Amino acid sequence: MKLLMALPDWYGVEYKINPWMDLDNPPRKSEALKQWNNLYSILKKLYPVEVLPYGKSMPDTVFTANAGFFPTSGHIIISNFKHKERQPEEDFFYSWFYRRGYTATRIPKNYSFEGEGDLLKCDNKFYGGYGFRSDKDVYKLISDIVKIDISVLELVDPRWYHLDTALYFLDNKTAVFYPGAFSEESKKSIRDTFSTIEVITKEALNFACNSIVINDTVIMPIRCPVLKSKLESLGKTVYEVNTSEFIKAGGSCKCLALWSY
């Protein structure tokens with residue numbers, strides 16, 4: 001098991017497909033590279049990390065969590081991006097995984113699916129987000145392909161357009177999530193299934209839920225002191241990372257890394 005990241009050489013905000021993107025407030029490229037390198041240096045001390053080449057003229061390939069999803073070892077379901085601006089990434093990611101010997105599955109183009117951004121694994125259970133980027137019906141298709149059960153969660157605020165911007169699992173019993181991102185039914189489902197740590201709005205807007213958990217360590221964005229304190233009170237080691245230049249495109253720590261099996 002390892003984390004996959006992609007070089008940020010072509011990263012930028014060149015179009016607007018979520019509320020965070022502002023063509024008049026583009027990322028500072030030198031600062032983005034510095035922030036990416038800092039995250040990479042922290043992660044590689046904690047876990048194996050492999051780096052993909054950059055996707056030339058595809059500014060969002062740096063967000064490798066959206067490349068696809070690994071339901072089982074060596075098998076990735078490649079994403080079908082909702083917006084045409086990101087669709088060139090599909091062939092880029094498929095080719096890279098195929099050449100590396102992975103089983104890379106493509107799903108019908110009439111389904112939108114944005115990989116680990118919307119499909120999360122907790123222990124041996126799977127949770128799929130829908131409402132903005134991935135179709136609710138795609139999870140039935142994926143379940144049939146790889147023989148897994150997927151519980152669906154509805155996102156209702158476009159600022160939290162991927163599941164991994166609003167939810168992560170601290171362990172197999174504890175979910176960290178921002179309630180305001182979810183429908184009433186989905187909030188209830190999360191609370192009924194897990195012990196929960198509920199993130200306040202101010203910190204959710206700083207992408208507190210877009211964190212990476214490695215054993216008892218959490219790598220999270222800066223400026224989330226309430227959540228940081230809660231995690232440390234549970235005995236977790238917390239690394240805070242400045243991802244301001246990536247938040248300008250609607251992503252943070254977890255968006256920049258994909259779990260590969």
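Okay, let's start with Glu198: this residue is partly exposed, with a relative accessible area of 30%. Keep in mind that we're looking at a predicted model. Glu198 has a partner, Arg191, and their side chains meet in a salt bridge, 2.8 Å from N to O. Arg191 counts as partly exposed too, at 38% relative accessibility.

Why do pairs like that turn up? Side chains of opposite charge can pair when their charged atoms come close. In this model the count comes to 18 salt bridges, and I'll walk you through a few.

Next, have a look at helix 3, which covers residues 138-146. Lys140 and Asp144 both sit in there, four residues apart, and that's about one turn of the helix. Their side chains form a salt bridge at 2.8 Å, N to O. Is Lys140 buried or exposed? Exposed, with a relative accessible area of 54%. Asp144, at 40%, is partly exposed.

Now for a pair that isn't within one helix. Asp216 and Lys236 make a salt bridge at 3.0 Å, again N to O. Asp216 is in the loop between strand 12 (212-214) and strand 13 (217-221), while Lys236 is in the loop between helix 6 (225-233) and strand 14 (237-241), so this pair ties together parts that are 20 residues apart in sequence. As for the surroundings, Asp216 is partly exposed, with a relative accessible area of 47%. Lys236 is at 14%, and it counts as buried because the cut-off for that is under 20%.

One last thing to find on the screen: Lys2, Glu50 and Arg100 are joined into one network by salt bridges that share partners.

Conventions:
Residues are numbered from 1 along each chain as its sequence is written. This is a predicted model: local features need pLDDT of at least 70, side-chain atom pairs count only at pLDDT 80 or more; totals for chains, interfaces and linings use all residues. Side-chain values use heavy atoms; hydrogens and water are left out. A salt bridge is a side-chain nitrogen of Lys or Arg within 4 Å of a carboxyl oxygen of Asp or Glu. Helices (H or I, at least four residues) and strands (E, at least two) are DSSP runs, numbered from the N terminus. Buried means under 20% relative accessible area, exposed over 50%, partly exposed in between (1.4 Å probe, protein chains only).
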